[in-house]
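Please look through the model shown below and follow how its parts pack together. The report after it begins with a single residue and works outwards.

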Amino acid sequence: MAQSSRKTAEIEALLQDALDSGRTLEAGLLAELAAVSRAAVQRLVRRYDRELAERQRLKELYCYEYEAQQEGAAYIAGVDEAGRGPLAGPVVVAAAILPVGLYIPKLNDSKKLSAKVRDELFDIIKEQAIAYSVAIIDEKTIDRDNIYRATVSGMYQVIEKLKPQPQKVLVDAVPLDKLTMPSLSLIKGDAKSASIAAASVLAKVTRDRLMEEYDREYPEYGFAKHKGYGTAEHMAALRKYGPCPIHRRSFAPVSEYEGAGQS
């Protein structure tokens, strides 16, 4: 590998300035830096490559937001839910309006992220979002209205609570025909839209923390581990103890064990 007259600190500043300004370094300069033998410089170049790729990924994740912006929308909300499938606990719905293009490293569909990263993003989103809102729809409402209607109701609630009101809404999968503003339903939207991804993180972390609280109240069911989903451990607890107050009685696996565990 070659040497370079550039100091390591100068190279670091050069790479960071390119990232911050959204410029891609010229191929010749990148080749020069990649050929430098100093380990510190090699680490800087690898970090630059990783961050450049991440910035490009996130730019693509804002494609629907950029499109809405070109249509004249200043505030674009993403909406998503967590917890439609579990046998116990609430469904949580969230909405988020992000500054379009806001760089939030690792932002993605919450299901693709570790709990640690979700927790970190949860705080960043709440701090940097233009607006966000969360609705918790309990198991009694789910049993009364059914899970789909309860989820849709929650989506309207979180949109209505946003201040400022969005001028366009991007929703994960569910069509919301009664909105007063334009909306777009995207299948697997939490992996296609930054705003929906942000909402998915808010909903998922909020629900997981609620289920951890319920685990302390009903420790025999293991809610902290499975978050209410129908795992083998959860089904074994249902057979042994029967449903607890937060179980969804309208879900067939729960109703089958009504009265179990009672002598």
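Leaving aside residues up to four places away in sequence, Ile 159 touches Val 79, Gln 165, Pro 166, Val 169, Leu 176, Leu 179 and Met 181, where contact means heavy atoms within 4.5 Å. This is a predicted model, in which local features need pLDDT of at least 70 and side-chain atom pairs count only at pLDDT 80 or more, while totals for chains, interfaces and linings use all residues. Residues are numbered from 1 along each chain as its sequence is written, and side-chain values use heavy atoms, with hydrogens and water left out.

**Two cores**

A nonpolar core is a set of buried Ala, Val, Leu, Ile, Met, Phe, Trp, Tyr and Cys residues joined through side-chain atoms within 4.5 Å. Buried means under 20% relative accessible area, exposed means over 50%, and partly exposed lies in between (1.4 Å probe, protein chains only). The largest such core has 30 residues, of which Val 79, Met 155, Val 158, Ile 159, Val 169, Val 171 and Leu 176 touch the most other members. At least two residues of this core come from each of strand S1 (76-82), strand S2 (91-97), strand S3 (131-137), helix H7 (147-161), strand S4 (168-172) and helix H10 (232-241); helices (H or I, at least four residues) and strands (E, at least two) are DSSP runs, numbered from the N terminus. The greatest contribution is that of H7, with six residues. A second core, separate from this one, has 26 residues, including Ala 94, Leu 113, Phe 122 and Ala 197. In soluble globular proteins, nonpolar side chains tend to be buried together.

**Helix H5 and its two sides**

Helix H5 (residues 115-128) has 14 residues and reaches 20 Å from its first C-alpha to its last, close to the 20 Å expected at 1.5 Å a residue, a span taken as 1.5 Å times one less than the number of residues. Which residues of H5 are buried? They are Val 117, Arg 118, Leu 121, Phe 122 and Ile 125. Seen down the axis of H5, these buried residues fall within an arc of 145°, so they line one face of the helix; the arc is that of the directions from the helix axis to the C-beta atoms. Helix H8 (194-217) is part of what covers the buried residues of H5, whereas the face turned away from the buried side carries the exposed residues Lys 116 and Glu 127.

**A buried serine in H8**

Ser 200 is placed in helix H8 and counts as buried, at 1% relative accessibility. Not counting residues up to four places away in sequence, Ser 200 touches Asp 80, Asn 108, Asp 109, Ser 110 and Asp 190.

**Backbone details in the loops**

Most residues other than glycine have a negative phi, and most peptide bonds are trans. A cis peptide bond, with omega about 5°, joins Lys 163 and Pro 164, and Pro 164 lies in the loop between H7 and S4. The table sets out two lysines with positive phi.

| Residue | Phi | Loop | Relative accessibility |
|---|---|---|---|
| Lys 106 | near 80° | between S2 and H5 | 46%, partly exposed |
| Lys 227 | about 60° | between helix H9 (223-226) and H10 | 13%, buried |
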